[in-house]
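Student: I should like to go through some loop residues of this structure, one at a time. Please reason through each reply before giving the value or name.

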Amino acid sequence: MIKLGIDRLLEDPVLRRPLQGRRVAVLGHPASLTHWGRHTLDALIALGDECRLVAAFGPQHGMRGDKQDNMIETPNEIDPKYGILIYSLYSEVREPTPEMLDCFDVLLVDLQDIGTRIYTYITTLVYLLKACSAHGKALWVLDRPNPAGRPFEGSLLEPGWESFVGAGPILMRYGLTLGELARWFMDHLDLDLEFEVIAMEGYRPHDAPGYGWPAFELPWVNPSPNASSLNMARCFPGTVLLEGTTLSEGRGTTTPLEILGAPDLDSERLLKRMEILCPEWLEGALIRPCWFEPTFHKHVGKRCAGFQLHTDSLDYRHERFRPYRLIALLLKAIRLEYPDYPLWRRFVYEYETERLAIDLIAGGPFLRTWVDDPCATPSDLEQRLAADERAWSESIASVLLYP
């Protein structure tokens, strides 16, 4: 049976001993649960003097996960049960202020991540690592599974393209747990602070059927409102690209970021073009043509033609499913079938007002340029992605904690 980082901290007095006599804060959200479904905040408070919890922090969507969309901020608040201050790191500020840092000595980070670079919890973690290093604070990561598993895919974020959805030069799908990723950033940024990862026990990221997620051991609790399933986490490294387009990524339906489409597209025509362009990028999962009508967000109230991606059947092949390439191929097929289609969405995205959202999400303009170039082929993109994936594989070898 798997033991999460929080489970080990609660069970082992030796692990907790360095916390005694120190002011402790925790960064969490709705999926910050013990193996038995108790919220980390409640479990730490119950330790009493062994863990003097003085404050809590919430990332995007809030400690309670009640904020639905991007750029809906969460205010600071007083916890109604315990009377401690819950600071928001997605409000007027996204980096901790001196006042926030002054309130604790040790910060425990217990966030369920989903293994994709643009997930803003990573950027919040990096901001906290830097701030704790600069102000002499300790930071411990209570490690959790990566539901997207060990495969990695995509491009490295290019220099100068850092943003709140891109904290550093990592792959879109990076194949690490949050603790391992924090170890990588510690080395990459050459940070000096008291840093610990309370690793999991019994975590086997290569094992079926979960391939990174302990299926039938842990309940799935949405780490953010639209991360509603394991299927979503597997698809997200590709479907998140659609946030930068005029296509619906399924927000406003019951399967966001698993379903995609638009009112003015022919899904069968697009799928045929994709099969001609690069059939191997369609492997590993079921791609099901479908219709849907969003109740909010893009194309609200309009019937959209599109696809649903399924990784939840016996036909799923974890190592062969490459969602980044799949969605890139879809965008290329749209550009070839509908040359004048208004594909790229211009809007304020995660506090960025000038740069295109698709470029921020992709980590540079190269993907958009490849899609828009009628002469660019899948093999051109494959060369770029394969080189970045090889480089990433070499750079993470020293930070792995699980076989």
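Student: Between which two helices does the loop that holds Y351 lie?

Tutor: The model is a predicted one. In it, Y351 has a phi near 70°, a positive value in a residue other than glycine. The loop that holds Y351 lies between α9 (323-337) and α10 (357-362).

Student: Is Y351 buried, partly exposed or exposed?

Tutor: The class of partly exposed residues lies between the limits of 20% and 50% relative accessible area. Y351 has a relative accessible area of 25%, and therefore counts as partly exposed.

Student: D190 also has a noteworthy phi; what is its value, and is D190 buried or exposed?

Tutor: D190 is situated in the loop between α6 (178-189) and β7. Its phi is positive, at about 55°, although D190 is not a glycine. Exposed means over 50% relative accessible area. Because the relative accessible area of D190 is 67%, D190 is exposed.

Student: Which peptide bond is cis, and what is its omega?

Tutor: The bond in question leads into P209, which belongs to the loop between β7 (195-198) and α7 (230-239). The cis peptide bond runs from A208 to P209, with omega near 5°.

Student: Which residue supplies the backbone oxygen that the side chain of Q112 reaches, and at what distance?

Tutor: Q112 is placed in the loop between β5 (106-109) and α5. With 3% relative accessibility, Q112 is buried. Its contacts beyond four places in sequence include H29, Y119, R144, P145 and W213. The backbone oxygen that the Q112 side chain reaches is that of P145, at 2.8 Å.

Student: How far apart in space are the C-alpha atoms of Q112 and D143?

Tutor: Along the sequence, Q112 and D143 are 31 residues apart. From C-alpha to C-alpha, their separation in space is 8.4 Å.

Student: Why does K137 have no salt bridge, and which side chain of opposite charge is nearest?

Tutor: K137 lies in the loop between α5 (120-135) and β6 (138-142), and is buried. A salt bridge requires a side-chain nitrogen of Lys or Arg within 4 Å of a carboxyl oxygen of Asp or Glu. The nearest side chain of opposite charge is 4.3 Å away, so the cut-off is not met, and that side chain belongs to D105.

Student: Which backbone oxygen does the side chain of K137 reach?

Tutor: Leaving out residues up to four places away in sequence, K137 touches several residues, among them R23, L101, F104, D105 and E194. At 3.1 Å, the K137 side chain reaches the backbone oxygen of L101.

Technical notes: Residues are numbered from 1 along each chain as its sequence is written. This is a predicted model: local features need pLDDT of at least 70, side-chain atom pairs count only at pLDDT 80 or more; totals for chains, interfaces and linings use all residues. Side-chain values use heavy atoms; hydrogens and water are left out. Helices (H or I, at least four residues) and strands (E, at least two) are DSSP runs, numbered from the N terminus. Buried means under 20% relative accessible area, exposed over 50%, partly exposed in between (1.4 Å probe, protein chains only). Lys and Arg count as positive and Asp and Glu as negative; His and the chain ends are not counted. A polar contact is a pair of N or O atoms within 3.5 Å; within protein, one must be able to donate a hydrogen and the other to accept it, and residues adjacent in sequence count only if both atoms are side-chain atoms. Contact means heavy atoms within 4.5 Å.
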